[in-house]
Amino acid sequence: MITSTSNPQVKNLQQLLKKAKLRNEQDVFLAEGLKMFQEAPKERIQKVYISRTLYGETGTGFLRGMEAEVLSDHVFAAVSDTKTPQGILCVLKQYHHTLDNMMKKDAPHLLLLEDLQDPGNLGTIMRTAEGAGVDGVILNRTSVDLYNPKVIRATMGSVYRMPFLYVEELAEVLPLLKQRGIRTYAAHLKGKNCYDQEDYRTGCAFLIGNEGNGLSGELSRRADTWVRIPMHGKLESLNAAVAASILMYEVCRQRR
């Protein structure tokens, strides 16, 4: 059992929690909590850590045949990203999805995120994208790191199943989408039609912008079509995750 926060493994876990650069260098990410552990693909798990209390309560029965490193409770708290740790944490190999795999279907359904910054928004979008049958989520490099522990937690396991890809600039992807017959849509106040007046049964991709500033003018102009989400009251826009969810589920409704 590891009982000191000076242990090299513990120090590395603490750094992996904080630093995207280190996660990328080691090609790993952390997932905390019982649900995240139980849903994790076994072949991607590199290491499992368990608190002394959880180990004392459950033994190894739920570890799916894997070995785990036991940490004293105060050490586990030092490597946890939550206020009330559940007592289990795993180190997993990162995913390396490709755009080609996302576009394998006859009518791909994609989501392009520009400069998204809030971890909770990204986690919610990933979770909703899985539920709505989206084929892939593409983000530019200045968006929040999907392997941020807060994002991972908010995905509720969808990070294991929802393909995603980072690119330097979303604009570089648009010609490739056009070649595949995938039409791009930007939610915009000046959209001619409401979002539910378009036909999404062919390949489609939605552009979703930064929480505070929305889509950049350049990316908006390059979209094939602008669509409006109608607003009542004095609202000008919706939360990015909410807007993305409305659009994704409209595709799901039409295709159903």
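1. Let's start with a single pair of residues in this predicted model: Asn140 sits opposite Val167, a residue of strand E7. The pairing behind this is between strand E6 (residues 136-140) and E7, which run in the parallel sense and are joined over 4 bridges. As background, the strands of a sheet pair through backbone hydrogen bonds, in either a parallel or an antiparallel way.

2. Now step back to the whole sheet. It is open, has 7 strands with parallel pairing, and follows the order E7-E6-E5-E10-E8-E11-E9. Which strands are at the edges? They are E7 and strand E9 (193-194), each of which pairs on one side only.

3. Two helices are worth finding against this sheet. Helix H7 (residues 119-132) lies across strand E5 (109-113), E6 and E7, and runs at about 170° to E5. Helix H11 lies across E5, strand E8 (183-187), E10 and E11, and its angle to E10 is also given as about 170°.

4. H11 leads us to the largest pocket, because this helix (240-255), strand E10 (204-208) and strand E11 (225-228) each supply at least two residues of its lining. The space in the largest pocket comes to about 600 Å³. Its lining has 24 residues, and those nearest the centre are Ala187, His188, Gly214, Glu236 and Ser237. Sorted by class, the lining of the largest pocket has 13 nonpolar, 8 polar and 3 charged residues.

5. The second largest pocket has a volume of about 310 Å³. It is lined by 14 residues, with Asn24, Gln94, Arg141, Tyr147 and Tyr166 closest to its centre. Helix H2 (20-26) and strand E7 (164-167) are the elements that give two or more residues to this lining. Which element gives the most? That is E7, with 3 residues. By class, the lining of the second largest pocket has 7 nonpolar, 5 polar and 2 charged residues.

6. Gln94 deserves a closer look. You will find Gln94 in the loop between strand E4 (88-93) and helix H6 (99-102). Is Gln94 buried or exposed? Gln94 counts as buried because its relative accessibility is 5%, and the cut-off for buried is under 20%. Leaving out residues up to four places away in sequence, Gln94 touches Arg23, Asn24, Asp27, Val28, Phe29, Arg44 and Tyr147.

7. For a contrast, try Asn12, which lies in helix H1 (residues 8-18). With a relative accessibility of 28%, Asn12 counts as partly exposed. Beyond residues up to four places away in sequence, Asn12 touches Leu22 and Gln26. Gly59 is 47 residues from Asn12 along the chain, and the C-alpha atoms of the two are separated by 25 Å.

8. Finally, there is enclosed space to consider. Rolling a probe the size of a water molecule over the atoms shows where empty space is left. How many cavities of 30 Å³ or more does a search of the whole structure find? The search finds 1, and the space in this cavity is about 70 Å³. Leu17, Leu30, Ala31, Glu32, Asp81, Leu89, Pro149, Ile152 and Arg153 line the cavity. Strand E1 (28-32) and helix H8 (149-155) are the elements that give two or more residues to that lining. By class, the cavity lining divides into 6 nonpolar, no polar and 3 charged residues.

Terms used
Residues numbered from 1 in each chain as written. Predicted model: local features only at pLDDT ≥ 70, side-chain atom pairs only at ≥ 80, totals over all residues. Heavy atoms only, no water. 1 Å grid on protein atoms, 1.4 Å probe; cavity = no way out; pocket = protein on both sides within 12 Å on 5 of 7 lines; lining within 4 Å. Points joined across faces, edges and corners; volume = space filled by probe spheres on them. Nonpolar A, V, L, I, M, F, W, Y, C, P; charged D, E, K, R; others polar. Pairing = 2+ DSSP bridges. Contact = heavy atoms within 4.5 Å. Axes fitted to C-alpha atoms, helices over the stretch in contact; angles between N-to-C directions. Buried < 20%, exposed > 50% of the residue type's maximum accessible area, 1.4 Å probe, protein only.
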